[in-house]
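Got the viewer open? Load the model, show it as a cartoon, and follow along one selection at a time.

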Amino acid sequence: MTEKITGAEALVRGLIAEGTDRIFGYPGGYIIPVFDRLYDYTDRITNVLTRHEQGAMHAAQGYARASHRPGVVIVTSGPAATNLITGLSDALMDSTPLVVITGQAPSAMLGTDAFQETDVMGITQPVTKWSYQVRSADKVAWALSHAFHIASTGRPGPVVLDFTKDAQTGLTDAGYEPCHFIRSYIPRPEINMADIKQLAELINKSHRPMILAGQGITIAEAEDAFRTLVEKADIPVGATLLGLSTLPSDHRLFKGMLGMHGNFGPNVNTNRADLIVAIGMRFDDRVTGVTEHYAPQAKIVHIDIDESEFNKNIPVDLRVHADAREAIEALIPLVNKASREEWVATFDRYNADERRLVIEKAAYGTDPDEAPTMGETARLVSEAAGENAILVNDVGQNQMLSARYFRYTSPRSIITSGGLGTMGFGLPAAIGAKMGAPEREVYLFVGDGGIQMTIQELGTIMQYGTAVKIIVLNNNFLGNVRQWQSLFFNERYSQTKLLNPDFKTLCTAYGIESIDVATRAELPEAIRRLVASDKPMLLNVNIREEDMVFPMTPVGAAVDYIMINQTETYNPE
């Protein structure tokens, strides 16, 4: 006789069949049947009770990006579901695979404005890869298997399954079978070798080629093949923010970060290259600057798995619709072994100028009694952390400075909110990253504004003992907005000054050790203690409020128009 089980039981068994070992969530009335079934599977699935549904989303994002597995979130209906929207939007823009399950009113009550009913499908469809409402227990296994397949294949992204109460409590005998195919959904396009041959020809003929490395390389787990390609063809690499760590920071062909706060070399040479090969990135406006003056001397090639990205922001001369690893592996035997020493050396000259004009001021200091800078704090933490650390950061000055001055040796070493720029992302994402990669140390850089957006997740750290190392760059301002107000709005600091709590006292309430740093002299010992600890710890670094992030390409300028301070720009000639 076929076993009859509830839809809630079918859901939990399906999660286990998909290899889910951890979920992030928050219980409530219309999802209690699922949490009741999870109670019997605590030996198979760890249920992480975050302190807010948005925290659950960002924690699942951190988990997914550190572990290369879909993050799973389970919450109830109504306000719980609407609290997911920021995380869904963030995950969609940054291609993070999530399976998100919401409770819902019983099918018979839909449309009656029942308690905590909301139109989850209408709200979430614009910010998900797929949304589906499950109204029958017989549809649970089908929906879940499709959700995992869609979330994790092709260009990854978030999916939402909205489970009515009767779908959870009803009975079904439908067994679970993983989904491997959906008609009309082709997540991995067939590679066109004619395009690959044309690209190889362009590379072999070019004198000043440059590769823009995006997160698509990381998603495709193509780092080894990518390294082989750039070394064989001797092509310098600039990385997007999310593309950092696709090559080690000390690799001779890695020339730095692209974009608004990127490095001199790749930004200047974007407009001097004769060939740009963009891999797994979307030509975001923060990377390109004003598009009318972007890469005027170059033929532009775009390799991407998502066909909708082609020609969306930058017109290209050749589009290669393919998985990044498949495209790179197909390209390797067709490109010539090359030496482009003179071209590569131009990046080094520009970056040497950057070190002299910017980095030595931003990341190195001499007066022991001064407040430390954001840049030197990031540099010193990175040096002490050694290899294999993961950098998680929030959004703002802390994000740009830590991304610039952290050193990357291993893939998947930066987790940040790129496209949406979500303040509050950092703390829960760091918790999820540590749970997704417990063997790696996780260092979170966050501003005093951003941490207060999700500071309740210190309670999650307290409950689970998650050994995240938190560095608060505290200037009592919303620093990035303050920088723009200083540069472009006549120093009219409207609503950016913060009256902050005593973070040390807050940490004491949550049972988390903390250290306050006021001067440069105190910083090395505080960092030593932070790195040596095997427990969660918070380092509150009181930085100068006037500290800014340079270099900077302002909005509306060409990518090679680079401010080096409040009054000067860089002249590469």
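Accessible areas here come from the Shrake-Rupley method with a 1.4 Å probe. With the surface switched on, the chain exposes about 22,500 Å², and carbon and sulfur atoms supply 50% of that area. Keep in mind as you look around that this is a predicted model.

**The whole chain**

Start zoomed out. The cartoon shows 22 helices and 20 strands. The radius of gyration is 24 Å, close to the 25 Å that the globule rule gives for 573 residues, so the chain is as compact as a globular protein of that length. Line the view up with the principal axes and the C-alpha atoms fill a box of roughly 80 × 60 × 40 Å.

Now colour by burial. Of the 573 residues, 61% are buried. If you draw contacts between residues at least 6 apart in sequence, 76% of them join residues at least 24 apart.

Next, colour by charge. You should find 51 positive and 69 negative side chains, with the centres of the two sets 3 Å apart.

**Cysteines**

How many disulfides does the structure hold? Zero. While you are here, select Cys179, which is buried with a relative accessible area of 11%. Cys507 is buried too, with a relative accessible area of 1%.

**Helix H5 and what covers it**

Select residues 85-93, which make up helix H5. Show side chains for its buried residues: Gly87, Leu88, Ser89, Asp90 and Ala91. What covers them? Bring up helix H3 (53-67), strand S5 (98-104), helix H6 (120-124) and strand S7 (158-164), which are among the covering elements.

Step just past the end of H5 to Ser95, where phi is positive, at about 55 degrees. Ser95 comes up again from another direction: click on Gln215, in helix H10 (residues 215-219), and Ser95 is one of the residues it touches. Leaving out residues up to four places away in sequence, the other partners of Gln215 are Arg65, Asp94, Thr240, Leu242, Gly243 and Gly280. Is Gln215 buried or exposed? Its relative accessibility is 12%, so with the cut-off for buried at under 20%, Gln215 counts as buried. For a distance check, draw a line from Gln215 to Asp250: the two are 35 residues apart in sequence and 19 Å apart in space, C-alpha to C-alpha.

**Unusual backbone spots**

Most residues other than glycine have a negative phi, and most peptide bonds are trans. With that in mind, here are some places to stop.

- Gln116 sits in the loop between S5 and H6. Its phi is positive, near 60 degrees, and the residue is partly exposed, with a relative accessible area of 26%.
- Arg412 is in the loop between helix H17 (397-405) and strand S16 (414-415). Although not a glycine, Arg412 has a positive phi of about 55 degrees. Despite its charged side chain, Arg412 is buried, with a relative accessible area of 15%.
- Pro551 lies in the segment after strand S20 (537-542). Look at the bond joining Phe550 and Pro551: this peptide bond is cis, with omega at about 5 degrees.

**Two lysines around H21**

Finish with Lys497, in the loop between helix H20 (479-488) and helix H21 (503-509). Lys497 is exposed, with a relative accessible area of 52%. Which residues is Lys497 in contact with, leaving aside its neighbours within four places in sequence? Select Asn476, Phe477 and Glu545 to see them. Then run a distance line to Ile455, 42 residues away along the chain: the C-alpha atoms are separated by 19 Å.

Move on into H21 itself and pick Lys504. At 36% relative accessibility, Lys504 counts as partly exposed. Not counting residues up to four places away in sequence, Lys504 touches Ser514, Ile515 and Asp516. For the last distance line, zoom back out and connect Lys504 to Lys232: these lysines are 272 residues apart along the chain, and their C-alpha atoms are separated by 51 Å.

Methods
Residues are numbered from 1 along each chain as its sequence is written. This is a predicted model: local features need pLDDT of at least 70, side-chain atom pairs count only at pLDDT 80 or more; totals for chains, interfaces and linings use all residues. Side-chain values use heavy atoms; hydrogens and water are left out. A disulfide is a pair of cysteine sulfur atoms within 2.5 Å. Buried means under 20% relative accessible area, exposed over 50%, partly exposed in between (1.4 Å probe, protein chains only). Helices (H or I, at least four residues) and strands (E, at least two) are DSSP runs, numbered from the N terminus. The radius of gyration is taken over C-alpha atoms; the globule rule is 2.2 Å times the number of residues to the power 0.38. Contact means heavy atoms within 4.5 Å. Lys and Arg count as positive and Asp and Glu as negative; His and the chain ends are not counted. The place of a charge is taken as NZ of Lys, CZ of Arg, CG of Asp or CD of Glu.
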